[in-house]
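Student: I would like to learn how the labels used for a protein model are justified. Could we go through some of them together?

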Amino acid sequence: MKRVLKNIFINTTGNKVRLGEIHFTGKILEIKFLSGEIDWSEISTIEKKNGFLRNLNVPGSAGSIDFIDGNYNLVIPGAIDPHVHFDTPGFEFRDDFEHGSTAAAHGGVTTIIDMPCTSLPPVTNGKNFELKLNAVRNRSLIDFAFWGGIRGNDFCKTIDIEKQIYELIDSGVAAFKVYVISGMDTFTDLTYDRIREVATILAKTNIPMGVHAEDKNLVVTRRKQFKLEGKNDWRAYCAARDIEAEVTAVSEIIKIVRETGVRAHIVHLSSGEGLRKIAQAKQNGISISAETCPHYLFFTQKDFENTSIRNYLKTAPPVKFENDKEQLWNGLATGNLNFVTTDHAGCIPEKEKSSGNFWEVYGGIPGVEHRVPFLFSEGFLKNKLTLEQTVNLLSTNVAEYFGLTSKGKLETGKDADFALINLWKTQTVNSTEMHSMGKYTPFENIKFNAIVEATVLRGKTVMDKNKESEEKTGYGQLIKIKNI
Ligand SMILES: [Zn+2]
């Protein structure tokens, strides 16, 4: 049945919006504009917005049409988070697809791409892809694709890495993940030489290679030394995984990209210097891209002094310094960083975030629910990003990079995936209201000047703050990417 999302502001270019409505079924049929282009500054407060609406004579939609009232919020294409760990199957004592996908829908996210390394078996071949798909089937509220992975454990005589890679490409994975350093026994890291081997194979395809880039040699050597000296606090952890560790790995990966021509992507970049290397390489025509996450854009190592969030803030790589934060924001604005992801990785905090020995604290933040309001609040509303850039970083750029051809844009023919964003109301982050399994966040008590009011996936609400959603977990579908 045809439906209409009415009373919405739609971003056109820059900070311009138009009042409009979207006609859709599962797909977008038509976008109608009911006002000319206006600048955001003309509706940036509730008073200004009401004034604008009073002066405008908006024709009502025909009465018999099934409609969703957008309540004069901003509509964006459903956000896409291409870096999450939902842990199904195998690590469900930390999080699972029901919780993760529900949290995502509450965060305006309609599609995620799940990492291959935090499930058992990991997604390293065609058979394991099917096992994961069977485990996830009927359990996701939102659409999903999978990363494939290439792990050190599989470099042995009996396993043909290239064959496994092609099996996964046939299965429709979005990209391949490798680690320069990994903390997981079930998904070990690769030497630079092995990454080069993998890159040579992937370079024959169009599929990206995502890299966790911190130099293993540097990190392990320092960690050993610190542990010998009995140093087990956050300072030692951060000193072991410092800017140099990231920059060294990024530089090695750039060399590999230059040699092989693979499409490489640095996940969760944390440092300004790492970004500078990437920007330089891009300028030289090297096919490298990068993402960063809200925690790297908001926190610094000073925040580890705050004991109420110290353990919650632990990630790998760790957050860096003021200067890095600034440069990362700058990278988002200039396009040297391609998108913002969360690296959503939760756990039960009482079990794994409570140790006094920082080496033993689980590293990861369940952030999928907070990314959209965060980027609107801290990026757009603080004038670090335009409205258009914000939407691109949350959705459009991600869809384009990973080949999610039906997603990422408000455009006739695309999936009717939307998030309604209220930019005229504030919220204070309260972890007890989170929907992931582990309810904790370093953003506790932080005020966001943006709220996700509702999320629509393929024409059906999967989250509405004011009423029950139309669809439940199980509605989400696998997206297979065509990559050859
Ligand atoms: Zn990750």
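Student: Which domains does the domain assignment give for the protein chain?

Tutor: In this predicted model, the assignment gives domain 1, made of 3-76 + 413-464, and domain 2, made of 78-402. Their centres, taken over C-alpha atoms, are separated by 29 Å.

Student: What is the area buried between domain 1 and domain 2?

Tutor: The buried area is about 3600 Å², and carbon and sulfur atoms give 71% of that. On the side of domain 1, His 435, Met 437 and Tyr 440 supply 23% of the area buried against domain 2, which is more than any other three residues.

Student: What makes the meeting of Arg 458 and Asp 143 a salt bridge?

Tutor: A side-chain nitrogen of Arg must lie within 4 Å of a carboxyl oxygen of Asp, and here the N to O distance is 2.6 Å, so the pair satisfies the definition. The count between domain 1 and domain 2 is one salt bridge, beside 13 residue pairs in polar contact.

Student: Why does Cys 238 form no disulfide?

Tutor: The two sulfur atoms of a disulfide must be within 2.5 Å, whereas the sulfur of Cys 238 is 15 Å from the closest cysteine sulfur, in Cys 293, and is therefore too far for a bond. The sulfur of Cys 293 is in turn 13 Å from its closest cysteine sulfur, in Cys 117, again too far, and the structure holds zero disulfides.

Student: Why is Cys 238 called buried?

Tutor: Buried means under 20% relative accessible area, and because Cys 238 has 3%, the residue counts as buried. Cys 293, at 0%, is buried by that rule as well.

Note on methods: Residues are numbered from 1 along each chain as its sequence is written. This is a predicted model: local features need pLDDT of at least 70, side-chain atom pairs count only at pLDDT 80 or more; totals for chains, interfaces and linings use all residues. Side-chain values use heavy atoms; hydrogens and water are left out. Buried means under 20% relative accessible area, exposed over 50%, partly exposed in between (1.4 Å probe, protein chains only). Domain bounds come from an automatic or database domain assignment. Buried area is the accessible area (1.4 Å probe) that two parts lose on being put together, summed over both. A polar contact is a pair of N or O atoms within 3.5 Å; within protein, one must be able to donate a hydrogen and the other to accept it, and residues adjacent in sequence count only if both atoms are side-chain atoms.
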